[in-house]
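Hi everyone, thanks for coming. Let's have a look at this one together, and stop me if a term goes by too quickly.

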Amino acid sequence: ARWSDSEIDYCAKQIIELSDYCHANGVEFLYIQPPVNIDEYDKELPIGIEDYRNENIDSVMQLLDDADVDVIDLRQCMREDGMSFYDYVYKTDHHWNTRAAFYGFQHIATWIDVKTGKKADPMYLDFNNYNIIRYKKWHIGATGQRVGRYFAGADDYELITPKFNTSLTGADGNT
């Protein structure tokens, strides 16, 4: 549904307040707008079906921009990079796929570098340094809701794992 002005204002206000709170406490804040599963320029919807998510998001993004909130709008990044939204979201639900998540990670790492001067090792940002295991027709939606008469099929799922050694140290110092 199309949001009212008060719904848009409320949503933006919550993000702006969180950004202000973080900055007041010496914490950098970044709002990341992931892609949705409908491209605003190529909606691919059946006749009579309307979707206003992108328009609603655009209105919120404008208010965040007016308030100088740091934002990465991955929808815009993908358009600028000539990417198809439909290659980066699952067809069976609303989630973006693992390649889109990696793409977002690359943009976030770049923002951190620009904002803080802390540069990520380029090895971590290079997709070629990861193994991809593809599970064909494995993903049927976040809650399996796409079964029955309108079942749209199953998506491939890609598991992305590093080709390099990794370790994780917990808060208790144990790995």
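Before we start, one term: a contact means heavy atoms within 4.5 Å. Also, this is a predicted model, so local features need pLDDT of at least 70 and side-chain atom pairs count only at pLDDT 80 or more, while totals for chains, interfaces and linings use all residues. Residues are numbered from 1 along each chain as its sequence is written, and side-chain values use heavy atoms, with hydrogens and water left out.

Okay, the overall layout. The protein has 5 helices and 4 strands; helices (H or I, at least four residues) and strands (E, at least two) are DSSP runs, numbered from the N terminus. Along the sequence the pattern goes α-β-α-β-α-α-α-β-β.

Now find Thr-98, in helix 4 (residues 98–116). Which residues does Thr-98 touch, not counting those up to four places away in sequence? They're Tyr-90, Tyr-157, Glu-158 and Ile-160. Thr-98 is buried, at 17% relative accessible area. By the way, buried means under 20% relative accessible area, exposed over 50%, and partly exposed in between, using a 1.4 Å probe and protein chains only.

Let's stay with Glu-158, which is buried too, at 9%. The side chain of Arg-134 meets the side chain of Glu-158 in a salt bridge, 2.4 Å from N to O. For that term, we need a side-chain nitrogen of Lys or Arg within 4 Å of a carboxyl oxygen of Asp or Glu. Arg-134 sits in strand 3 (residues 130–139) and Glu-158 in strand 4 (residues 155–162), so this pair ties together parts 24 residues apart in sequence. Arg-134 itself is partly exposed, at 44%.

There are 8 salt bridges by this rule. Another one joins Lys-115 and Asp-70, with their closest N and O atoms 3.0 Å apart. Here Lys-115 is in helix 4 and Asp-70 is in the loop between helix 2 and strand 2, so the linked parts are 45 residues apart in sequence.

Last stop, helix 2. Which residues of helix 2 are buried? That'd be Asn-54, Asn-56, Ile-57, Val-60, Met-61 and Leu-64. Looking down the axis, these buried residues fall within an arc of 155°, so they line one face of the helix; the arc is that of the directions from the helix axis to the C-beta atoms. Their cover includes helix 1 (5–24), strand 1 (31–33), strand 2 (71–73) and helix 3 (74–80). Just after helix 2 comes Asp-68, with a positive phi near 60°.
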